[in-house]
Amino acid sequence: MRTNLQPRLLALDVDGTLTWPGVGPDSDVIRSLGDVAAKGVTVVVATGRGAFATAEIARELPASAYAVLNNGGTVRRVGDGHVLRARHMTHAAAAAVLGVYRACGMSGIWVESPFAGERYLCDGAWWTHAPTRLYLSTKLPIIRPMPSPAIAAPAVEVFAFGDREAVAAAERRINDELRDDVSTVSWWSEGLGAGGLESLPAGGTKGEAVAWLAGELGIDASQVVAVGDDRNDIEMLQWAGRGIAMAHAPPDVQAAADEVATVEGPPAVRRVVNEVWGV
């Protein structure tokens, strides 16, 4: 759905797109995003991260930017952190997801509503699983033991890590048993040496959240450029007027995009910004 209209919104994945894996914000990209924002373009970072893990990047973004967090579960203004929207799983669905994770030998992580503190409520002995322990090692201030789901704050998502077989088995079961209440997205992390499986409210994706925000701002899909590199970006790339997949993106992500960048990571973002807005 390419357009000749001047794009008014730039939606960017974070890990592997706006940043290199395991590396903080790229100063050249951050500077170019400020230049784009100064032209009146709305900048949106869309990520699977929560607010705590996105804070370092958010501090560097233009005050007029927005953040789509938890793969669409939460939408915030960057300047003041105000929550514009939060979608919650029902307690019954979130508890059922925890049960599936347990059955597949995975420790679930229940991400609280932003209206309740956004803590990570961890189920089971998560510290015994090396990839989960590694992932959570940078988030210790917001980790708490999982209480009974009946008294936990509503969840915006419930996720877990496991090997390929465990993730695939859990995803199949959730999609078979809970498809009316839950959406899933799975991915593989080379850095963790494990797969991740995220369970979200039905219909919840980055793409749905970016589309909602654009609608609130009066911006049509044809005026949106979106850039991403993983499976949780597929719906966003498909919806945007111009969807750009990273050169290192998996084949199904590249197939969902209008085009594929010829370089990887932040240099691709800089190239897009220069080509589209001349900055």
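**View 1. Salt bridges, and the buried pair E118 and R76.** The count of salt bridges in this predicted model comes to 15, where a salt bridge is a side-chain nitrogen of Lys or Arg within 4 Å of a carboxyl oxygen of Asp or Glu. One of them is formed by the side chains of E118 and R76, at 2.4 Å from N to O. Because E118 lies in the loop between β6 (109–112) and β7 while R76 belongs to strand β4 (residues 74–77), this pair ties together parts that are 42 residues apart in sequence; helices (H or I, at least four residues) and strands (E, at least two) are DSSP runs, numbered from the N terminus. Both E118 and R76 are buried, a term that stands for under 20% relative accessible area, with exposed meaning over 50% and partly exposed in between (1.4 Å probe, protein chains only). Residues are numbered from 1 along each chain as its sequence is written, and side-chain values use heavy atoms, with hydrogens and water left out. As the model is predicted, local features need pLDDT of at least 70 and side-chain atom pairs count only at pLDDT 80 or more, whereas totals for chains, interfaces and linings use all residues.

**View 2. Salt bridges of D233 and R231.** The side chains of D233 and K206 meet in a salt bridge of 2.6 Å, N to O. D233 is in the loop between β12 (224–228) and α7 (234–239) and K206 is in helix α6 (residues 206–216), so the salt bridge joins parts that are 27 residues apart in sequence. D233 is buried, with a relative accessible area of 0%, and K206, at 1% relative accessibility, counts as buried. A network of salt bridges links D13, K206 and D233. The loop between β12 and α7 also holds R231, whose side chain meets that of D252 in a salt bridge of 3.7 Å, N to O. R231 is partly exposed, with a relative accessible area of 33%, and D252 counts as partly exposed at 37%.

**View 3. The aromatic cluster around F159.** Y120, Y135, F159, F161 and W187 form one aromatic cluster. Six aromatic pairs are found in a search of the whole structure; rings of Phe, Tyr and Trp (its six-membered ring) pair if their centres lie within 6.5 Å, and planes under 30 degrees apart count as stacked, over 60 as edge-to-face and the rest as tilted. Among these pairs, Y120 and F159 are edge-to-face, with 5.7 Å centre to centre and 80° between the planes. This pair links distant parts of the chain, 39 residues apart, with Y120 in strand β7 (residues 120–122) and F159 in strand β9 (residues 155–162). The rings of F159 and F161 have their centres 5.8 Å apart and their planes at 85°, so this pair is edge-to-face. F159 counts as buried at 4% relative accessibility, and F161 counts as buried at 2%.

**View 4. Charges over the rings of Y135 and W188.** The charged end of K139 sits over the ring of Y135, 3.9 Å from its centre, the rule being that NZ of Lys or CZ of Arg is within 6 Å of the ring centre and within 35 degrees of the ring normal. R164 lies over the face of W188, at 3.8 Å from the ring centre.
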